[in-house]
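Visitor: I would like to know how labels get attached to parts of a protein model. May I ask about a few of them?
Guide: Please do. Here is the model.

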Amino acid sequence: MPASARTIAVANGKGGVGKTTTTAHLGALAAEAGNRVLLVELDVQGNLGEDLGYTGAGLSDEGEALYAAVRSGKPPVPLRNVRPNLDVVPGGAAVSLIPSALDAYRRSGRESTGAVGRCLAPLAADYDLLFIDTPPIDAVVQEEALVAAAYLLIPTKTDASSRKGLREMAQRFAAARTINPTLTLLGVFLFGVTPGATRIRGAARTAIQAELGAAAPVFDATIRHVEAAAYDVRERGQLAHELERVVDAGPKWYERLRDGVDTPQLASSSASLAGDFQALTAETLAALVKAEASAAAVTA
């Protein structure tokens with residue numbers, strides 16, 4: 001069973017398609033909207049902490065709590081109030097030890113599959129939403145995320161390599177559903193696209209449906225490629241909508257020139273990136289509500 005009925009795994013079979021950045025923004029924006037949100041990072045890179053700023057503040061445990069929880073079966077203690085309403089179970093180097101903990105379960109005759117979901121389940125009552133950031137390559141850990149999730153959200157780029165990642169994701173999704181039949185594809189969306197590239201976006205949507213089926217829910221929301229704003233997010237540990245507010249509150253370029261301000265100026269493109277993530281969050285939450293209503297109608 002999923003860790004909770006509102007656990008969303010953000011996954012793809014390829015790296016570099018925006019899983020961590022998406023998890024950070026969706027979680028923070030959903031929390032800002034009043035939801036209690038828990039983010040779980042099942043990735044050895046620990047980049048979620050860079051996007052949210054807690055790594056730079058020395059608050060990441062590099063996945064130690066998560067690894068200890070999987071090993072013991074007891075829930076991890078989250079890092080509290082990373083943002084209002086937003087808690088995090090950090091990832092990092094110790095996540096690489098999770099497969100060995102699962103092997104230990106198997107050797108002792110205990111059920112290993114679903115160990116991550118079981119240790120997260122006791123936390124579920126404290127939150128409205130759980131997002132799991134997944135690694136692209138480690139199939140064992142990604143399977144754990146899919147078994148722990150009720151929904152799958154897939155970011156993808158438009159290139160052929162990303163379509164291969166989609167194909168691998170479709171296979172892992174099907175395999176996970178044999179263990180967790182409630183797992184539902186919530187949506188697929190394009191990440192890192194060029195604004196105005198209508199032809200490329202249309203071709204990518206066609207390719208997605210070829211890989212995942214014509215009924216695959218492809219979101220209207222897309223996340224544009226804005227290198228300067230993306231750089232500022234990771235360097236400063238502030239998300240696009242937070243940077244937008246900093247830019248709006250700061251001096252204009254001509255004021256900086258007049259006053260001799262020589263501190264680095266933040267990218268004004270953070271506003272457009274913030275708008276993309278706000279649209280994606282709204283569409284994700286709407287899709288979740290719709291999926292829950294459909295499931296309720298079936299069981300009624």
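Visitor: What makes the charged end of R110 count as sitting over the ring of Y105?
Guide: This is a predicted model. In it, the charged end of R110 is 4.2 Å from the centre of the Y105 ring. The distance cut-off is 6 Å, and the charge must also lie within 35 degrees of the ring normal. R110 is listed as sitting over the ring, so the label applies.

Visitor: How many aromatic pairs are there?
Guide: Zero. To pair, ring centres must lie within 6.5 Å.

Visitor: Why is E62 called partly exposed?
Guide: Its relative accessible area is 34%. Buried means under 20%, and exposed means over 50%. E62 is in between, so it is partly exposed. E62 is found in the loop between helix 2 and helix 3. Its phi is positive, near 60°, and E62 is not a glycine.

Visitor: What makes N81 exposed?
Guide: N81 has 57% relative accessibility. The cut-off is over 50%, so N81 counts as exposed. N81 lies in strand 3. Phi of N81 is positive too, near 55°.

Visitor: Why is strand 3 called an edge strand?
Guide: The sheet is open, with eight strands in the order 3-4-2-5-1-6-7-8. Strand 3 pairs on one side only, and strand 8 does likewise.

Visitor: How do you know that strand 3 and strand 4 pair?
Guide: They share two bridges, in the antiparallel sense. Pairing needs at least two, so the condition is met. One partner of strand 3's L79 is named: V88 in strand 4.

Visitor: How do you know on which side of helix 3 the buried residues lie?
Guide: The buried residues are L66, Y67, A69 and V70. They cover an arc of only 160° around the axis, which puts them on the same side of helix 3. They pack against strand 2, strand 4, helix 4 and helix 5. G73 follows helix 3, with a positive phi near 85°.

Visitor: Which residues touch the most other members of the largest nonpolar core?
Guide: V37, L39, L52, F131 and L280, out of 40 residues. Another core lies apart from it, with 25 residues, including V70 and I132.

Visitor: What does L39 contact beyond its neighbours in sequence?
Guide: Leaving aside those within four places, the contacts of L39 include L52, L86, V88 and F131. Contact means heavy atoms within 4.5 Å, so each of these has atoms within that distance of L39.

Methods: Residues are numbered from 1 along each chain as its sequence is written. This is a predicted model: local features need pLDDT of at least 70, side-chain atom pairs count only at pLDDT 80 or more; totals for chains, interfaces and linings use all residues. Side-chain values use heavy atoms; hydrogens and water are left out. Rings of Phe, Tyr and Trp (its six-membered ring) pair if their centres lie within 6.5 Å; planes under 30 degrees apart count as stacked, over 60 as edge-to-face and the rest as tilted. A nonpolar core is a set of buried Ala, Val, Leu, Ile, Met, Phe, Trp, Tyr and Cys residues joined through side-chain atoms within 4.5 Å. Buried means under 20% relative accessible area, exposed over 50%, partly exposed in between (1.4 Å probe, protein chains only). Helices (H or I, at least four residues) and strands (E, at least two) are DSSP runs, numbered from the N terminus. The arc is that of the directions from the helix axis to the C-beta atoms.
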